[in-house]
Amino acid sequence: MTVELDRISKAFGPLTVLHELSLSVTPGEFMVLLGPSGCGKTTALRMIAGLESVTSGSISIDGRDVTDVAPKNRDIAMVFQSYALYPHMSVAENIAYPLKIRKLPRAEIDKQVRDVAAQVQLDALLGRFPRQLSGGQRQRVALARASVRRPAAFLMDEPLSNLDAKLRGHMRAELKHMHHQLGIATIYVTHDQIEAMTLGHRVAVLNQGRLQQIDTPHRIYDDPANIFVAGFVGSPPMNFVPGGLAEGRFKAAGGSLPVASRESRENVLLGLRPEDCRVAAASAPDCLAGTIYSIELIGDHVLVTCQLAGTAIVIKAEKTFSGEIGAAVGVQAAPGRCYLFDQQSGTRLR
Amino acid sequence: MSKAVRRTSLFEPRRYGELAPASKIAVYGLLALWSTVVLFPLYWVAITSFKLPIDVAYPPKYLPFIDYQPSLHAWRYIFVDLGNDTFRPYMNSVIVAPLSTLLALIIGSMAAYALSRIQYRPSLGSVVTFILLLAGVVLAVALAGIDWRIATLVAFVLFFFLLRALGSRFRRRLGNGDILFWIISQRILPPVVAAIPVYVMFQKLHMLDTHAALIATYATVNLPIVVWLMYDFFVAVPKDLEESAQLDGASRFRIFIGIVLPLAKPGLIATGLLVLILAWNEYLLALFLSTAKAQTIPLLVAAQNATRGPQWWYMSVLIIIMIAPVLVITITLQKYIAKGLLLGAVKG
């Protein structure tokens, strides 16, 4: 079922935390709202849930305008960052709660609870109380409670952020599998770009209450709309070098690189992903001159930080990379992998 | 070969998280002393209930069977000779105290929940208008002898008229904190100040010496305590749980009954116990509001200080049977005042 946001805004007094957000989640789609803390993504989610009022704009779910409909009548389920399990109820009672409120017959409730519990491997824990469960198990109870009644849409507010790194990776895979099985439209809020990239069919990047870009994870990464998206997505993040454009070349303090743009202008930022850079000899053509600042072995690759005319650039190099800190080198870019941005507005120059 | 040298000092604790020997002696000594101060009167009441009037006289007799020969005469008098005259006040207390507590808990916890979750912003102007009009009604009825029905009706019409006309000018607004403070301020006045108006009110209503009057009064008097205490417990219930329940489809009332109240159970029981004890022991208002039929047990205890002088032995028996149920209830309910009920709700 579809979820449509039509220019929704949210203001708390004079402070506007969300500016005219429009997006449309198609049936079965996994939509991720990605952004740094305070960007308005959780507010947007809570507005969809009905937990926050809408200052302007409208929300519709499955074609029905729900802008002023109470949360309980929106037919959506939400998984909270804190899981929000009812501590005085057992796992089975927690999962059964939405069905109990809908006054389903007991036998039916029991059957559905058992089915959904089996799906998330909770069958053995149905009699336990939330305080007797580990973080990952609590998370699964929250997922089971949300999915037991097949809602029109799932909302998830940073559901994995309370788990340790290893468990998070595991739960990510489980979430993806569960979504595949149920095929229910999901809106997922996170500040973790890895979660966004791995889970989302599409990712909406927000910053300071404004939508920056909405696209597939692929295109968010390969074709960022502006400097914010380019810098936020990717780890280690994209490097930015200030300089100017002239005669099809990007010119900076330490040298120049060929770029696709024919424009001629000042105040340009060159964006280079770490994996698109290469450390070359200082005398090589088409490179920016600098010195090696640090070398870090990550495991399957080496991160080389180069200092060039006041800007630090991180380069992802082969694990066989050898070099000396302080050595003079040149930084080359893979052809066609240079992103250009306007330094003032941050918009992409194409 | 290095054997740890253990220096034992009176002022060093053996282990972290333990008391030093000297502190232990001091702390337990003080505790023992205070326990004696608290428990001795109970002991004294217990042995006095088995004393003959002659044994109560000076010099004090401390040990039954040694200092004096215990007798059941006071117990026989209270239970057999007085019989119904003991039983009736006792039953009155058994009816009045729990029912008034229940009423105060129901109304008070709902009020506290509302105050903890809903933002009220009454304008100061409308509150002042209401109070002024109310005072006007009282004056009109009392001084000018106007029919109260007419006065109230006129006041109501005036109130809505004024609110419509001036409402938009009332800028100053009160918040939940003000409402809470107003509620607890009801307990600042000593009860005796309210006793006479309350007496007059029930007299006019022909409700003196009835259970209903006592129950209503006790519930009203204890309401602020319930609101004040339960407010804190409700605030401690994570909002996430309620929001989650909302999305699960529950109505606000259902959330209150099914989620919030069970989680605030320790607070509810502790508050209930406190209010029950206050109502059970209440003397002053009962003195005003009840004479014979609705007389409660504290009045009967006090009545033993009669023309013949204080009847310590009868009083002791009554005090014991008065304390007993409260003691039993407290010990029974204690295990429910367990902490950590919210554990596992929202923290990983």
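The following paragraphs lead through chain A of this predicted model, from its overall dimensions to its sheets and then to the side that touches chain B.

Taken along the principal axes, the C-alpha atoms of chain A fill a box of roughly 80 × 45 × 30 Å. The secondary structure of this chain comes to 8 helices and 21 strands, and of its 350 residues, 42% are buried. A further view of the chain comes from its contacts: among those between residues at least 6 apart in sequence, 64% join residues that are at least 24 apart.

One of the sheets in chain A is an open sheet of 6 strands, which follow one another in the order E6-E7-E8-E3-E9-E10, with mixed pairing. Strand E6, residues 76–79, and strand E10, residues 210–215, stand at the edges of this sheet, and each has a single partner strand, so one side of each is left without a neighbour in the sheet. When direction is ignored, neighbouring strands here are turned by 15° against each other on average. At the E6 edge, strand E6 of chain A pairs in the parallel sense with strand E7, residues 153–157 of chain A, and 4 bridges are found between them. To locate this pairing in the model, the reader can look for A:Val79, which stands opposite A:Met156 in strand E7 of chain A.

Another open sheet of chain A is formed by 4 strands in the order E2-E1-E4-E5, and here the pairing is antiparallel. Its edge strands are E2, residues 15–25, and E5, residues 64–65, each of which pairs on one side only. Strand E1 of chain A, residues 3–12, is joined to strand E2 of chain A by 7 bridges, and the two run antiparallel. Within this pairing, A:Glu4 has A:Ser24 in strand E2 of chain A as its bridge partner.

The last step leads from chain A to its neighbour, chain B, where 25 residues of chain A are in contact with 22 residues of chain B. Which elements of chain A each supply at least two residues of the side that touches chain B? They are strand E6, helix H2, residues 91–101, and helix H4, residues 135–147. Strand E6 of chain A thus appears in two settings, since this strand stands at an edge of the 6-stranded sheet and also supplies residues of the side that touches chain B. Sorted by class, that side of chain A has 17 nonpolar residues, together with 4 polar and 4 charged ones.

Definitions and conventions
Residues numbered from 1 in each chain as written. Chains lettered and ligands numbered in written order. Predicted model: local features only at pLDDT ≥ 70, side-chain atom pairs only at ≥ 80, totals over all residues. Pairing = 2+ DSSP bridges. Axes fitted to C-alpha atoms, helices over the stretch in contact; angles between N-to-C directions. Buried ≥ 20, exposed ≤ 12 C-beta atoms within 10 Å, placed from the backbone. Contact = placed C-beta atoms within 7 Å. Nonpolar A, V, L, I, M, F, W, Y, C, P; charged D, E, K, R; others polar.
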